[in-house]
Amino acid sequence: MDRYILRKEDVNRWVEALARTQEVLAPTRVEKEIFFAPTQMAVDLNLLSGTATLPYLPAKDLVLPHSENLFHFTRKGGDYELTVPEEKKTAVVLGIRSCDTSGIYWLDKFYQENFSDCYYWRRRNNLILVTMACNQPVKNCFCVCCEGGPFLDSERDEFDIQLVDLQDSYLVECKSSKGKALIEANPKLFAKADPSAVKTREALEEKSRNSFQPDPTSYMSTAIRRITSNAVTPETWTELGEKCFDCGGCAFVCPCCSCFGVGYLNEGEKGCHYRFWDSCDYSGFTREVSGHNPRGEKGERFKRRFFHKLSYQYLKRDGRIGCVGCGRCITACPGEVGMPTVVERLRK
Amino acid sequence: MSNIYLPNLARIIKIQDETYDTKTFEFEFADPKVKQAFKFRSGQFLEISALGVGEAPFGLASNPNRPETFRVTLRAVGAVTWALHQKKIGDLVGIRGPFGNGFPFDEYKGKNIIFVGGGIGLPPLRSLIEPMLDARSAFKDFLILYGARTPADQVYQDRLKEWEKMSEIRFGMTVDVGDANWKGNVGVVTTLFPKCNLIVENTVVFVCGPPIMIRFAIMELSKLGFKPENIVSTLERYMKCGVGKCGHCAIGHKYVCVDGPVFNYKEIGKLPEKS
Amino acid sequence: MIKNTPTICSFCSCGCGMFVRTQDGEARGVIPSTTHPVSQGRLCHRGWNRFQNLRSVNRLVKPLVREGEGMKETGWNEALKLSGEKIKDLIGRHGPESIGVIGSPWLSNEDNYLVSLLARQVIGTKNLDGSYRFGAAAALSALNQLFGEGIGAVGSIPALKESPAVLVVGRDAHRDFSPVGSRVVQAFQQGAQIILADASAAKADHFYKTLIPVPADRLPAALAAKRDIPLGVLDLLGKPGAGLVFVADQLGPSASALALINYLIERRASAKDLPNLLALSRSPNLRGAWDLGIRPPAGGLNLEEMLAPESKVKGLLVFAEDLSVHLSKAALLEKLKKLDFVLWAGRFKNDTAKLAHVVLPLPLFAESEGTLTSCEGRIQLSRPALSPRGESRGLSEVLPELAQALGKSLPGGPAAAIRKEIGKAVPGYEKITGPEVESEAGALLAPPRLASAPPKSAVLPVLESADKFLLLIPNTLYAWERNRMIAESPVLYIEYQAERPALKMNLQDAKDFKFRPGEKAKIRSERGELQVALQADEGVPRRTLVLSSHFLNLVESVAGKGEIDPVTRSVYFPSLLVTVEKA
């Protein structure tokens with residue numbers, strides 16, 4: 001791994017250099033919301049700082065968009081022609097947070113096991129992630145309980161580049177060859193980092209980890225144990241389910257959730273099959289054509305979603321829990337039963 | 001990287017009416033290269049699409065030893081199956097697959113075999129029965145039991161007659177309710193159990209049919225001493241992608257489309273949800 | 001590159017702020033607005049899946065005219081010319097009152113305003129109405145009786161969170177409208193007492209303090225008798241900020257709605273603090289359509305009267321209302337089929353379009369600009385994220401051309417110009433002309449002002465019986481499964497299954513009667529009897545039966561002709577006592 005220093009005043013020149021050969025997606029304010037938008041020159045440095053600022057949508061939207069066309073078909077006599085839409089753009093995602101990056105790695109594992117999903121991978125392979133570490137978490141953050149942040153682990157984690165906010169400059173930790181190529185875009189902007197910068201980085205991470213409020217979610221491991229050993233009563237799940245509105249918001253904003261549905265359009269001579277985010281909270285998610293629904297009860301669906309995310313079996317299967325502690329489910333849930341509320345309830 | 005969501009086109013080459021709402025379709029891939037490369041295992045399924053209308057999973061019902069063409073049997077119950085039922089010989093459909101774990105054929109060699117099929121549960125079992133009959137000598141006692149609601153609800157009636165006549169297998173048939181011409185057994189399929197001398201030792205039983213039939217069959221089989229790990233079935237769930245990604249068929253940490261649909265009852269017992 | 005268009009959801013009357021995301025002219029997704037006062041970063045499953053119906057292939061894309069048994073595609077000029085001729089012909093032979101005009105809570109304020117001008121000024125008919133005649137007209141009339149013609153901003157969704165007590169009428173008012181339900185949960189978490197009044201709920205969720213098992217039409221009598229409510233809670237309902245939440249589509253008759261709303265108003269501790277009244281609807285612009293006058297002035301016929309067998313109406317101009325599913329009586333549909341001329345303007349192919357002589361394609365909310373008035377009385381701007389599909393055109397272009405074909409004129413122009421006219425003409429809508437409407441939180445109508453005390457009217461008594469069953473006939477005309485935008489979305493279509501024409505009965509009651517699957521029941525009231533399939537349901541309380549109102553023939557068999565609401569002048573079916581036996 002190489003370490004450099006990039007002065008904040010040089011960031012826009014770096015972006016300019018990068019934008020010559022690929023798209024640069026940086027956090028941008030659009031009508032008070034934060035989106036990842038293509039940037040050619042000027043990056044909003046307020047959104048690229050140590051204070052955690054999250055776009056409403058998780059970065060999974062870049063690899064698994066809310067909806068995408070799988071293929072178009074055209075009828076030609078008695079025959080069909082199927083075409084798959086192109087997707088070739090390479091992009092640098094500048095300023096993605098550790099929780100989102102951890103979410104992407106989670107999706108990477110899922111989207112290549114058993115069968116590899118080429119729609120996912122052709123976007124993913126063209127993305128280079130420049131993670132912005134969080135020196136200062138904000139209200140809903142609990143990544144520290146879920147191994148989702150606030151910094152990526154420089155030793156254990158594989159990543160392209162991690163930026164650490166050192167006030168007037170960034171520490172640039174570069175670990176992959178893709179990351180190295182980004183440095184090469186304008187190498188003069190990058191000075192080799194000295195050991196004191198590394199010490200500052202370690203101190204910042206320590207301080208960040210300690211600045212999370214004593215939080216219900218530090219009881220994450222208790223919740224996981226309880227779920228796995230079936231110690232949670234059906235009444236608890238029913239009670240929690242009563243607050244759930246089946247809106248699907250938690251699954252859509254979660255960096256680790258990946259379920260999708262498929263839609264079909266038929267306009268006479270042509271049509272399209274497309275996929276879109278779906279949620280296991282929906283009552284029709286498991287309903288079979290006969291009308292039989294194995295998860296017809298809301299409490300059952302609610303339980304299954306948390307079982308899936310937190311249970312030890314999930315841990316056994318995929319290596320870590322399906323939550324990175326980004327806190328988006330707290331924002332998105334009308335019933336106030338996001339992850340921390342549930343974890344606290346399960347602990348009791 | 002191959003595109004797991006892009007179907008290959010296959011033409012309908014034969015349509016057989018089985019019952020008033022069930023048809024068997026025989027398909028052949030339009031592209032000769034795809035046809036040449038196509039192979040499947042018993043118990044696997046295909047995702048068949050009526051383009052622009054929808055896609056659904058269907059168990060393969062033909063012999064994997066002869067994969068140049070392949071058959072599925074489907075009942076018209078929803079938008080996709082209705083659209084497929086309207087199609088004619090020569091029409092094209094989309095095919096993705098084969099998916100699923102399939103039956104571990106070689107594990108059954110040297111054992112006694114019992115098939116218990118109910119109604120439209122026979123088609124996926126047939127994809128295992130036929131290759132087993134091709135290799136009959138690899139198996140010991142061979143018993144097929146089939147039950148349907150009425151004689152008109154039986155599928156594969158021609159093949160049933162042939163099985164009845166085969167000397168190398170034992171065969172029993174029953175209907176819940178007979179008709180004027182029915183001379184055979186009347187009663188649910190479990191009523192055949194005491195009449196057919198089921199051998200418990202070193203036997204694997206394959207059960208497939210409507211949920212209520214499966215439930216009673218398992219009950220009776222357990223009473224007779226069959227162990228759950230020797231009773232095998234195919235689980236049904238609402239499926240969309242067939243490749244373990246969309247999440248619809250997940251039960252606990254298993255995906256029915258990847259870890260199944262073939263499960264034995266010991267595994268099913270460990271699943272956190274009743275089907 | 002993805003384009004994010006800030007706009008308002010167009011499913012229900014909550015009016016959540018959201019962004020519709022599009023790329024290459026296709027709708028790709030949505031996200032809620034985090035700063036909008038109603039959505040606050042949250043949407044319900046309809047809002048989250050809104051983009052799917054924008055891709056529907058069942059859109060009307062060209063004008064159609066009837067040809068024999070079928071419809072033929074044609075151009076706008078021909079369609080409008082033909083419509084003009086037919087309308088002029090009917091006016092010439094039978095007078096302007098032979099034409100009826102139907103506006104819609106699925107049209108923007110600007111469009112509804114032009115529809116009302118078309119009726120009053122261009123055609124000169126007083127027969128103007130919307131399909132809410134059979135539902136929300138009851139509650140809206142009650143609000144008019146209390147607050148005058150300018151109902152104003154009677155409710156606030158954000159403020160509901162601070163209520164000391166909330167009376168929720170019908171579990172759907174909380175469950176089906178998540179911004180409201182969310183504030184109810186938050187209020188509960190802050191110590192508020194929440195009361196649920198619902199005769200069709202077997203049990204109440206844990207955050208309800210009390211469940212009053214009385215149907216909405218008989219609730220005022222129950223409240224007056226102080227049944228089932230702890231006294232302290234009744235007092236809290238008089239405190240400032242106390243809330244009343246109900247689904248206006250389902251609350252009738254108007255006497256019951258009036259008595260219910262007035263119950264909180266009368267009990268208020270402080271004269272200047274009116275209760276928080278949220279009249280919810282499964283349509284996006286119920287308030288706008290009503291406030292802008294889509295109802296008959298004195299001497300005019302309402303929708304039910306227009307389609308009465310003996311009415312003088314011979315032609316009907318229907319704008320964005322799927323009348324074939326939104327009528328209260330089977331006989332009305334029969335009359336609709338026999339009219340001399342039906343013009344239908346809308347977005348999707350449906351059964352009403354099949355009955356029409358001329359069909360005009362309209363753009364969806366996401367394809368045009370227009371304001372919507374939410375249940376709170378918040379006027380908000382819905383912005384286009386896509387171009388109109390095919391050859392669909394907005395009413396602001398089409399109606400002036402139709403007026404021309406009739407030899408008259410109508411103001412048209414961009415939506416902002418029409419808003420200026422509305423601001424001058426509609427009481428309480430002055431703010432619609434200003435820039436506030438385009439801001440994120442929209443423009444709230446003026447605060448409500450109580451008119452003189454409303455007349456006391458007789459309320460329906462609570463029904464008690466030792467041996468009979470209570471038959472509920474919920475008004476399901478605006479149920480989601482009858483909504484085209486739901487049907488055109490693959491996810492939502494699965495979520496809202498069509499109901500079977502059956503009577504719902506408590507599971508244990510069905511077992512006690514020894515009803516076997518498929519067996520029919522015979523139920524008898526003092527007005528009629530019915531043999532009907534049963535559907536056992538654990539969620540239905542004991543000794544209660546539920547029969548959805550849209551099974552018109554079944555309902556009329558057991559409930560007869562129903563009752564006429566003297567205020568709305570339309571039929572409603574009150575809850576009844578029935579005997580039950582095996583058929």
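Biologist: In this predicted model, how far apart do the C-alpha centres of domain 2 and domain 3 of chain C lie?

Modeller: They lie 36 Å apart. The two domains still touch, with four residues from domain 2 of chain C and four residues from domain 3 of chain C in the contact. On the domain 2 side, two residues are nonpolar, one is polar and one is charged. Domain 2 of chain C is written in pieces, 64-136 + 286-365 + 390-414, while domain 3 covers 148-280.

Biologist: Let us stay in chain C. Why is C:Gln23 called partly exposed?

Modeller: Count its neighbours: C:Gln23 has 14 C-beta neighbours inside 10 Å. A residue needs 20 or more to be buried, and 12 or fewer to be exposed. The count of 14 is in between, so C:Gln23 is partly exposed. C:Gln23 is found in strand E2 (residues 17-23) of chain C. Leaving aside neighbours within four places in sequence, its contacts are C:Met1, C:Ile2, C:Lys3 and C:Arg28.

Biologist: Now to the helices. What makes H8(A) and H10(A) roughly perpendicular?

Modeller: Look at the crossing angle: the axes of helix H8 (residues 234-243) and helix H10 (residues 298-310) of chain A cross at roughly 100°. Roughly perpendicular covers 65 to 115 degrees, and therefore this pair earns the name. The axes also come within 8 Å. On the H8(A) side the contact is made by A:Pro234, A:Trp237, A:Thr238, A:Leu240 and A:Gly241, and on the H10(A) side by A:Lys298, A:Gly299, A:Phe302 and A:Lys303. By class, this contact has four nonpolar, three polar and two charged residues.

Biologist: Over in chain B there is an open sheet. Why do strands E10 and E15 of chain B stand at the edges?

Modeller: Follow the order of the seven strands, E10-E9-E8-E7-E11-E12-E15. Strand E10 (185-186) and strand E15 (262-264) each have a single partner strand, so one side of each is left without a neighbour in the sheet. Helix H5 (residues 211-224) of chain B packs on this sheet and touches strands E7, E11 and E12 of chain B. The direction of H5 makes about 160° with that of E11(B).

Biologist: How do you know that strands E8 and E9 of chain B pair?

Modeller: Two strands pair if there are at least two bridges between them. Strand E8 (residues 142-148) and strand E9 (residues 170-175) of chain B have six bridges, in the parallel sense. One place to look is B:Ile144, which stands opposite B:Phe171 in E9(B).

Biologist: Chain B also has two domains. How many residues of domain 1 are in contact with domain 2 of chain B?

Modeller: 14 residues of domain 1 of chain B are in contact with 15 residues of domain 2 of chain B. Strands E1 (8-19) and E5 (70-75) of chain B each give two or more residues to the domain 1 side. That side has three nonpolar, nine polar and two charged residues. The centres of the two domains, taken over C-alpha atoms, are 24 Å apart.

Biologist: Finally, the chains themselves. Which pair of chains has the most contacts, and what separates chain B from chain C?

Modeller: Of the two pairs that touch, chains A and C have the most contacts. Chains B and C do not touch, and their nearest C-alpha atoms are 10 Å apart. Where chain A meets chain B, the contact takes 35 residues from chain A and 30 from chain B. Strand E11(A) gives the largest share of the chain A side, six residues.

Definitions and conventions
Residues numbered from 1 in each chain as written. Chains lettered and ligands numbered in written order. Predicted model: local features only at pLDDT ≥ 70, side-chain atom pairs only at ≥ 80, totals over all residues. Axes fitted to C-alpha atoms, helices over the stretch in contact; angles between N-to-C directions. Helix = DSSP H or I, 4+ residues; strand = E, 2+ residues; numbered from the N terminus. Parallel < 35°, antiparallel > 145°, perpendicular 65-115°, else oblique. Contact = placed C-beta atoms within 7 Å. Nonpolar A, V, L, I, M, F, W, Y, C, P; charged D, E, K, R; others polar. Domains from an automatic or database assignment.
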